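Work through the exercises below with the structure open. Try each task before you read its solution.

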Amino acid sequence: MKQLRFIYTEKNHKWGVVCRDPSRASYMIDTNECIVIDGDEGLITDPGGMEIFPSVFSAIGSGFNPKNIKTIFSSHQDPDVISSLTLWLELNPDLKCYISRLWTTFVPHFGGDDKTLVGIPDEGTTLSVGTVKLKVVPAHYLHSSGNFHLYDSRAKIYFSGDVGAAILPEGADLYVKNFDEHIKSAIGFHKRWMGSNEAKDDWCKRASELEIDMIIPQHGAIYQGKDVQRFINWFSELRVGLFTSAPDISEAAVEDKSEKIATPADMADDSSEIIEIGGIPNVAAQTATPEIAETDHSDLEALMEDNARLKKKADQDTMQKKNSFINKIKKFFSRKE
Ligand SMILES: [Fe+2]
Ligand SMILES: [Fe+2]
């Protein structure tokens, strides 16, 4: 299970990180959720996916009443960032979720409505937690088209979403200890998932102007002290969003990969998925339509009935799973109160 670790405490102002989940399934990327507390009020950053909700919820409950979380900051729209929204709303239906204005009509597919989701304008905004104001910093195209980070000038802590992310082995330290070694686990991720050199350069300039003691990414370890500027300098020199080597498209290689689920290790992989011809990525080569085997249509009706039956069963299973989560939360609160 995940654990809550407080990394900053100054009177009644605190930052905690919910980190490292050795019990999670190996096919799921590990995530860091932050809780910012000021007085009795809390804000959570990138609260994570539906699957890890019970783990995040109980970790936070070990140091703070999750009912006092009034605000969610969602750096972008990904499932590992915000697919747990509907479960957080079961806990507190008045929660506000701040996310780029680009995503306010997409994220309700995970949960929430037009009262829950508050669109952040492209230039950013400020968010209040207790008496403290946090700065919402634009980081568009790093990696989402509508993307933000969160900066606390009092704690000098910068939550950087997927920027600074690294895919680390189990048991890795919470903080970066050896920058040169650590960054080897971040390079593939940044080259592939960060889409624009211009956006990256712009962000590096903006981040350098802030006084930052710690950068906390949504995956991997925390950069602190000198490693903060070291990371910004490294990122400013990295070329991102480019793929130059061709993948193995031999029949054996394609067959071998056909049923595989992408793993966190694949996300760290620096290999190319796009063939480049004369310097121009050939997207058509990557997306060529596979040959479709001929189908006997005489049994189509039976097939459709089968499909409808299977879908109904899958929906029931999903509802059962969700209801069991919710019942666990309700039991948790009835124990505490
Ligand atoms: Fe992401
Ligand atoms: Fe992520």
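**Exercise 1. Find what share of the chain is buried, and take stock of its elements.**

Solution. The model is predicted. A residue counts as buried if 20 or more other C-beta atoms lie within 10 Å of its own. By that cut-off, 34% of the 337 residues in the chain are buried. Next, list the elements: there are 11 helices and 15 strands. Last, turn to contacts with a separation of 6 or more. Of these, 63% join residues 24 or more positions apart.

**Exercise 2. Describe the open sheet of 7 strands and find its edges.**

Solution. Start with the order, which is 1-2-3-4-5-6-7. The pairing is mixed. Now look for the edges: strand 1 (3-10) and strand 7 (117-120) each have a single partner strand, so one side of each has no neighbour in the sheet. From one strand to the next, the twist averages 20°. Then pick one pair inside the sheet. Strand 3 (residues 33-38) runs antiparallel to strand 4 (residues 41-45), and 5 bridges join them. One bridge sets Asp38 opposite its partner Glu41 in strand 4.

**Exercise 3. Do the same for the open sheet of 6 strands.**

Solution. Here the order is 8-9-10-11-12-13, again with mixed pairing. The edges are strand 8 (125-129) and strand 13 (223-224); each has a single partner strand, so one side of each is left open in the sheet, without a neighbour.

Take the edge at strand 8. This strand is antiparallel to strand 9 (residues 132-138), with 5 bridges between them. Ser128 has Lys133 of strand 9 as its bridge partner. The two strands form a hairpin with 2 residues between them. In this hairpin, Gly130 takes a positive phi near 55°.

Now take the edge at strand 13. Strand 12 (residues 214-216) pairs with strand 13 in the antiparallel sense, over 2 bridges. Met214 has Gln224 of strand 13 as its bridge partner.

**Exercise 4. Decide which residues of helix 1 are buried, and where they sit around the helix axis.**

Solution. Helix 1 covers residues 53-61. Its buried residues are Phe53, Val56, Phe57, Ala59 and Ile60. Look down the axis: these residues fall within an arc of 165°, so they line one face of helix 1.

**Exercise 5. Sort the two sides of helix 6 and name what its buried residues pack against.**

Solution. First check the length. Helix 6 (residues 197-208) has 12 residues. From first C-alpha to last, helix 6 reaches 16 Å, close to the 16 Å expected at 1.5 Å a residue. Next, pick out the buried residues: Ala199, Lys200, Trp203 and Ala207. They cover an arc of only 100° around the axis, which puts them on the same side of helix 6. The face turned away from the buried side carries the exposed residues Glu198, Asp201 and Lys205. What do the buried residues pack against? Their partner is helix 7 (226-237).

**Exercise 6. Locate the residues with the most contacts inside the largest nonpolar core.**

Solution. This core has 69 residues. Those with the most contacts inside it are Val36, Met214, Ile215 and Ile216. Helix 1 gives the most to the core, with 5 residues. Finish with the neighbours of Ile216. Leaving out residues up to four places away in sequence, Ile216 touches Val17, Asn32, Cys34, Ile157, Phe159, Ser160 and Ile222.

Technical notes:
Residues numbered from 1 in each chain as written. Chains lettered and ligands numbered in written order. Predicted model: local features only at pLDDT ≥ 70, side-chain atom pairs only at ≥ 80, totals over all residues. Pairing = 2+ DSSP bridges. Helix = DSSP H or I, 4+ residues; strand = E, 2+ residues; numbered from the N terminus. Buried ≥ 20, exposed ≤ 12 C-beta atoms within 10 Å, placed from the backbone. Arc of directions from axis to C-beta. Expected span 1.5 Å × (residues − 1). Contact = placed C-beta atoms within 7 Å. Axes fitted to C-alpha atoms, helices over the stretch in contact; angles between N-to-C directions. Core = buried A, V, L, I, M, F, W, Y, C linked by C-beta atoms within 7 Å.
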